Amino acid sequence: MTEMRIDLHTHSNMSDGTDTPEELAVAAARAGLDVVALCDHDTMAGVSAAQASGERCGVIVQSGLETSTQFGDSTVHLLGYGCDPDEPALSSALAHVRLSREQRIPRMVDALERVGIVVSLEDIAAQTAPGATSGRPHVADAMVARGVVPSRREAFDYWLEWGKPGYVGHYRIPLIDGIALIQGAGGVAVIAHPWGHGTRHLLTSEVLVELAHEHGLDGLEVDHNDHDETARAELRHLAAAHGLLATGSSDYHGLGKTRHPLGCNTTDPDVFDAIVDLIQTRRHTLEATP
Ligand code: AMP
Ligand code: FE
Ligand code: FE
Ligand code: ZN
């Protein structure tokens, strides 16, 4: 039997991906994946539809989410697998983040207007699927549709990145609380691309070890295209030394992000089994607690 191919981080149009959740499962099957985790930003809204589609095309869809947490002055992306979407503490925290994300959109429109870029709330709404978590990529898509920039990349590079004129932040759950909320909802907490865009200086080995031992962090996304071979080797070593699960994934966003095709990085089947076991154990604990 050939080895299972498992991609544990993808996005649909329930956040800033471009495939519907149904299309995502179909695309995963076409890419030869056996398991795909849907990890939309701050929502699990696409999971059921992706799972139903996955059953039709023979792909297991693992439920997941990705939340941009606050760590010091910086942002750390945290993945949560297998969370109960109805668990009150996590679902209200995520609702709070989504509301704050909504509320920043008019402020971004104003900020862009001040530097002479006209995009309307309607333009942005037209790029955002109903029920999706809104984000800067939707503002970028509206700028592309208006002909302001050729692609999301330029929109970010010149206007939307932190420090650029169109940047506006949103409420983020503190990282340590995020880990606890995910686990309290029966889930498994893994830091996404820990040494990707600018977080390497922040998430030093010492900090990651402390997060593992003091705050119960479950794993690190090691194989990700934002990590070079050296970073991957160091993170893999660190994970092994401190009992952290080491995952691998594409961070696929459909047409929304190049260089991240489905299955470009995968997770070891034994690691996925360990994640599934942890989810089961935590779910039981959750259900046994009155
Ligand atoms: P937000 O969550 O609204 O702050 O937007 C951040 C999201 O934008 C990330 O999850 C990425 O998927 C996406 N993103 C960040 N930088 C870029 C870029 N240069 N090109 C395309 N997408 C990007
Ligand atoms: Fe994204
Ligand atoms: Fe991310
Ligand atoms: Zn992601």
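In this predicted model, His-11 is buried, with a relative accessible area of 0%. His-11 is one of the protein donors of the zinc ion (ligand 4) and binds through NE2. The other protein donors are His-9 (NE2), Glu-66 (OE) and Asp-251 (OD). These donors lie 2.1 to 2.3 Å from the zinc ion. The four donor atoms subtend angles of 78 to 173°, so the arrangement is irregular. Along the chain, the donors of the zinc ion follow the spacing H-x1-H-x54-E-x184-D. His-11 and Asp-251 link distant parts of the chain, 240 residues apart. His-11 sits in the loop between strand 1 (6–10) and helix 1 (21–30). Asp-251 sits in the loop between strand 7 and helix 10. Asp-251 counts as buried, at 2% relative accessibility.

The zinc ion (ligand 4) and the iron ion (ligand 2) are separated by 4.5 Å. Coordination of the iron ion (ligand 2) involves Asp-16 (OD), His-41 (NE2) and His-253 (NE2), at 2.1 to 2.8 Å. Asp-16 (OD) is listed twice among these contacts. The site has six donor atoms, with angles of 50 to 150° among them, and is irregular. The donor spacing along the chain is D-x24-H-x211-H. His-41 lies in the loop between strand 2 (35–38) and helix 2 (47–57), and His-253 in the loop between strand 7 (245–248) and helix 10 (269–288), so the pair ties together parts that are 212 residues apart in sequence. His-41 counts as buried at 9% relative accessibility. His-253 is likewise buried, at 3%. A further iron ion (ligand 3) is 5.6 Å from the iron ion (ligand 2).

The largest pocket has a volume of about 1,400 Å³. It is lined by 49 residues, of which His-77, Arg-136, Phe-156, Glu-161 and His-197 are the closest to its centre. Several elements each supply at least two lining residues: strand 3 (60–71), strand 4 (74–81), helix 3 (88–114), helix 5 (136–145) and helix 6 (152–160). By residue class, the lining divides into 10 nonpolar, 23 polar and 16 charged.

Strand 6 (residues 219–223) is largely enclosed by the rest of the structure, because five of its five residues are buried. Strand 6 pairs with strand 5 (residues 188–191) in the parallel sense, over two bridges. Within this pairing, Gly-219 of strand 6 is the bridge partner of Val-190.

Notes:
Residues are numbered from 1 along each chain as its sequence is written. Chains are lettered from A and ligands numbered from 1 in the order in which they are written. This is a predicted model: local features need pLDDT of at least 70, side-chain atom pairs count only at pLDDT 80 or more; totals for chains, interfaces and linings use all residues. Side-chain values use heavy atoms; hydrogens and water are left out. Donors are N, O and S atoms within 2.8 Å of the metal (3.2 Å for Na, K and Ca); water is not among the atoms, so sites may look incomplete. Four donors count as tetrahedral if all angles lie between 85 and 135 degrees; four count as square planar and six as octahedral if opposite donors are over 155 degrees apart and all others between 65 and 115; anything else is irregular. Helices (H or I, at least four residues) and strands (E, at least two) are DSSP runs, numbered from the N terminus. Buried means under 20% relative accessible area, exposed over 50%, partly exposed in between (1.4 Å probe, protein chains only). On a 1 Å grid over the protein atoms alone, a cavity is a set of points where a 1.4 Å probe fits but cannot get out, and a pocket is an open set with protein on both sides within 12 Å along at least five of seven lines; lining residues have an atom within 4 Å of a point. Grid points are joined across faces, edges and corners, and a volume is the space filled by probe spheres set on the points. Ala, Val, Leu, Ile, Met, Phe, Trp, Tyr, Cys and Pro count as nonpolar, Asp, Glu, Lys and Arg as charged, and the others, Gly among them, as polar. Two strands pair if DSSP finds at least two bridges between them.
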